[in-house]
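Reader: Hi! I'm new to reading protein models. Could you walk me through this one?

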Amino acid sequence: MSNKYDVVIIGSGLGGLCSAYILSKEGYNVCVLEKNRQIGGNLQIFSRSKSIFDTGIHYIGGLAEGQNLNQYFKYFGLMDKLKLKQLDVDGYDHVSFGGDPQVYKHAQGHDNFVETLAQHFPQERENLTRYVRKMREICDFFPLYRVSNEAKDVTRADFLETDTKAYLETVTSNKKLQNILGATNPLYAGEADKTPLYVHALVVNSYIESAWRCVDGSGQIAKHLGDSIKEMGGTVLNYSEAKTFNFLGDEIKEVELTDGRIIEGKKFICNTDLSKALEMVDSNHLRPAYRNRINNLETTISVFIVYLVLKPGTLKYFNHNIYHNFGSDAWDAMNYTEESWPKGYALFSQASSKSPEHADSLIVMGYMRYDEVAQWINTKNITPNHIEKRGDDYEDFKNRKTEKLLDAIEHSFPNIKKNIVSQHTSTPLTYRDYIGSKDGNLYGIAKNYKDPLKTFISPRTKVPNLLLTGQNINFHGVLGVTISSVVTASELVDKTNLVKQIQSAT
Ligand SMILES: Cc1cc2nc3c(=O)[nH]c(=O)nc-3n(C[C@H](O)[C@H](O)[C@H](O)COP(=O)(O)OP(=O)(O)OC[C@H]3O[C@@H](n4cnc5c(N)ncnc54)[C@H](O)[C@@H]3O)c2cc1C
C-alpha cells in the first residue's frame with residue numbers, strides 16, 4: 001500500500017467523505033483517515049437489542065425530486081441507493097407547549113405550511129405567507145443552496161444582522177404563533193438575541209421543502225460514500241487517528257498518526273472540529289492571531305440523549321418528530337437550572353425496515369451544557385479497542401438525568417416507562433470523545449447576528465496546502481455539510497465545471 005497520496009483527508013464525517021468523493025471522481029488519489037471504527041462522524045449508528053439508533057442525523061430536508069439535496073445526492077451516487085421514508089407531509093414536526101393541549105404541525109410544501117397553521121390562526125394567513133416567502137428569499141441568496149453557479153455577495157445582506165427571535169416578532173403579534181415558528185430551534189441550537197435569521201431560514205426552509213428519515217439509520221449514507229470512494233481508487237482507513245502534521249518548509253509533508261504511522265500527501269483537508277485542526281499544526285506555522293481568533297469562537301451547546309428500546313408492538317410507529325416546551329417560550333430551553341431541567345425536549349422515532357408498523361425505539365434529547373459534566377472531563381471511555389467506564393458517580397448522574405427526561409416525555413407518551421426494554425444514554429462527553437467536537441458541541445461554531453462575518457470560516461488556512469471542510473465551513477446539517485465539501489473541493493478543482501456536473505447528475 002502506497003502511503004503517499006494527492007490528498008489526505010482527516011475525518012470521515014459527511015464533509016470529509018463528500019470531499020473525498022468529489023476529488024476521487026476528479027482523478028485525485030485520496031486517502032481518508034478516521035479515528036473510529038465506524039466511518040461517518042455524526043452519521044454513525046449503533047444498535048442495542050437489535051434496534052438501530054442514529055447518533056447525529058434524525059431527519060433530512062430537500063430530498064424530493066427537483067430539490068437541492070436530491071440533486072447533490074444524485075451527483076454523489078446516493079439517490080438510488082438510500083432507503084428513505086418521507087415524514088408526514090401534513091405534519092413532519094409536531095410542536096406543543098405546556099398548558100396547551102393543542103398540537104401545532106409544521107407541514108411540507110410552503111403553501112401547505114401556511115394553510116396548516118392558518119387552521120389555528122385564520123387571521124394570520126397573510127403573515128404566514130410573508131414568512132415563508134422571506135424564508136425562500138433568504139435561501140435564494142446562497143447560490144449553492146440553489147445548486148447554482150451564480151456569483152453573489154451575501155456578506156452585505158441585512159438578514160445576516162437580523163436576530164431570528166426579533167424577526168419572528170415582526171411576522172406576527174401573536175405570541176403563540178411566534179413561538180410555534182421558532183419551536184424547532186434545537187435544529188440549529190437557536191438562541192434569543194443571538195442566532196441570525198439566515199441560520200433559521202436555511203434550516204427551516206429545507207424541511208418545509210420536504211422532510212425524510214433514513215430507514216435503518218443514516219449510517220447508510222457513509223457506507224455508500226465510502227464504498228464509492230474505494231471503487232474510484234481511493235483509500236478509507238478506520239482506526240487511524242491523526243496526531244500532528246510534519247512540515248517541509250512552509251507546507252505540510254505528512255500526517256503522523258497516534259500509532260506512529262506516517263501518511264504523506266500533497267494536500268491535506270481537515271474535517272475535524274476546528275480546534276483539533278489547529279492543534280495538529282505547530283506554532284511556527286500559524287500566526288497566533290489566526291489561532292486565537294478560531295479558538296475563541298463560541299461553540300453551540302450540547303445535549304443529553306436517551307435512546308430507548310421498546311417492547312415489540314407496544315407503540316405504533318409515528319411518522320413525525322416532536323418538539324415540546326414545558327413553558328410558552330420556545331427560546332427558553334437552554335436557560336435551565338438543575339431543578340428546572342428539562343425545559344423542553346425533542347423526540348424522534350426511528351424508521352425500521354424490520355418493524356414498519358411499530359416504533360421499536362425512541363430517541364429523546366434535552367439540551368445539556370458542558371459544565372454539567374465538568375467533573376468527568378478528564379475521563380475517556382473509548383480507546384481504539386475497548387470501552388472503559390467513567391465511574392459510578394457518572395452512571396448515577398446519567399441515571400438521574402434519564403429519569404427526569406423519561407418523566408418529561410410521559411407528557412407525549414403516558415406510561416411509556418412500562419414499555420421500555422432497555423435505555424442507553426449519551427452526554428456531551430460522548431460527542432467530545434466519539435466525534436472530537438469541542439465540549440461536545442452540537443453544530444460547531446455558534447453564529448451571532450451581532451458579528452456575522454466572524455463565523456464565516458474560509459476553507460483556506462494560512463498553511464498553503466491545508467484546507468478545511470465540514471460543518472464550520474459553510475453550514476451544519478446534511479445539506480450544509482454537503483455544500484461545504486463543494487466549497488472545499490472547489491479550491492482544488494474548477495468550481496464552475498463541478499457545479500455543472502452536479503446540476504446535470506441523473
Ligand atoms: C445530536 C445531533 C443531532 C443532529 N441531528 C441532525 C439532523 O437531524 N439533521 C441534520 O441534517 N443534521 C443533524 N445534525 C448535524 C449534523 O450531524 C452535522 O452537522 C454533520 O454530520 C457534521 O459533519 P462534518 O462533516 O462536519 O463531520 P463530523 O460528523 O463532525 O465528523 C468529524 C469526523 O472526524 C473524525 N475525527 C476527529 N478527529 C480526528 C482525528 N484526529 N483523526 C481522524 N479522524 C478524526 C471524527 O471521528 C468524525 O468521524 C445533528 C448533530 C448532532 C450532534
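Reader: Which helices each supply at least two residues of the shell around the ligand?

Author: Happy to help! They are α1 (14–25), α12 (428–435) and α13 (477–489). Helices here are DSSP runs of H or I with at least four residues, strands are runs of E with at least two, and both are numbered from the N terminus. Residues are numbered from 1 along each chain as its sequence is written. Keep in mind that this is a predicted model, where local features need pLDDT of at least 70, side-chain atom pairs count only at pLDDT 80 or more, and totals for chains, interfaces and linings use all residues.

Reader: OK! Which residues come nearest to the ligand?

Author: Of the 35 residues around the ligand, G11, G13, G15, G41 and G470 come nearest. A residue counts as near a molecule or strand if its C-beta atom, placed from the backbone, lies within 6 Å of it.

Reader: And how many of the shell residues are nonpolar, polar or charged?

Author: The shell has 14 nonpolar, 17 polar and 4 charged residues. Ala, Val, Leu, Ile, Met, Phe, Trp, Tyr, Cys and Pro count as nonpolar, Asp, Glu, Lys and Arg as charged, and the others, Gly among them, as polar.

Reader: Where does the ligand lie relative to the domains?

Author: Between them, because domain 1 (4–83 + 216–297 + 446–504) and domain 2 (85–215 + 299–440) both give residues to the shell. Those bounds come from an automatic or database domain assignment.

Reader: How many residues of each domain are in contact with the other?

Author: 47 residues of domain 1 are in contact with 48 residues of domain 2; contact means that the C-beta atoms of two residues, placed from the backbone, lie within 7 Å. On the domain 1 side, α13 provides the largest share, with 5 residues. That side has 19 nonpolar, 21 polar and 7 charged residues. The domain centres, taken over C-alpha atoms, are separated by 24 Å.

Reader: Back to α12 for a second: is it mostly covered or mostly exposed?

Author: Mostly covered, since 6 of its 8 residues are buried. Buried means that 20 or more other C-beta atoms lie within 10 Å of a residue's own, exposed means 12 or fewer, and partly exposed is in between, with C-beta atoms placed from the backbone. The buried ones are P428, L429, Y431, R432, Y434 and I435, and they pack against β14 (302–310), β17 (361–368) and β18 (420–426). Just after α12, G436 takes a positive phi of about 85°.

Reader: New topic! Which residues touch the most other members of the largest nonpolar core?

Author: Among its 132 residues, those are V8, I9, L17, V30, V32, F268 and V364. A nonpolar core is a set of buried Ala, Val, Leu, Ile, Met, Phe, Trp, Tyr and Cys residues joined through C-beta atoms within 7 Å. Helix α7 (residues 197–209) gives the most to this core, with 9 residues. Both domains contribute residues, so the core lies between them.

Reader: Nice. What about sheets: in which order do the strands β5, β6 and β9 come?

Author: The order is β5-β9-β6, in an open sheet with antiparallel pairing. Two strands pair if DSSP finds at least two bridges between them. At the edges stand β5 (60–61) and β6 (84–86), each with a single partner strand, so one side of each is left without a neighbour in the sheet.

Reader: And what is the bridge partner of I60 in β9?

Author: That's W212.
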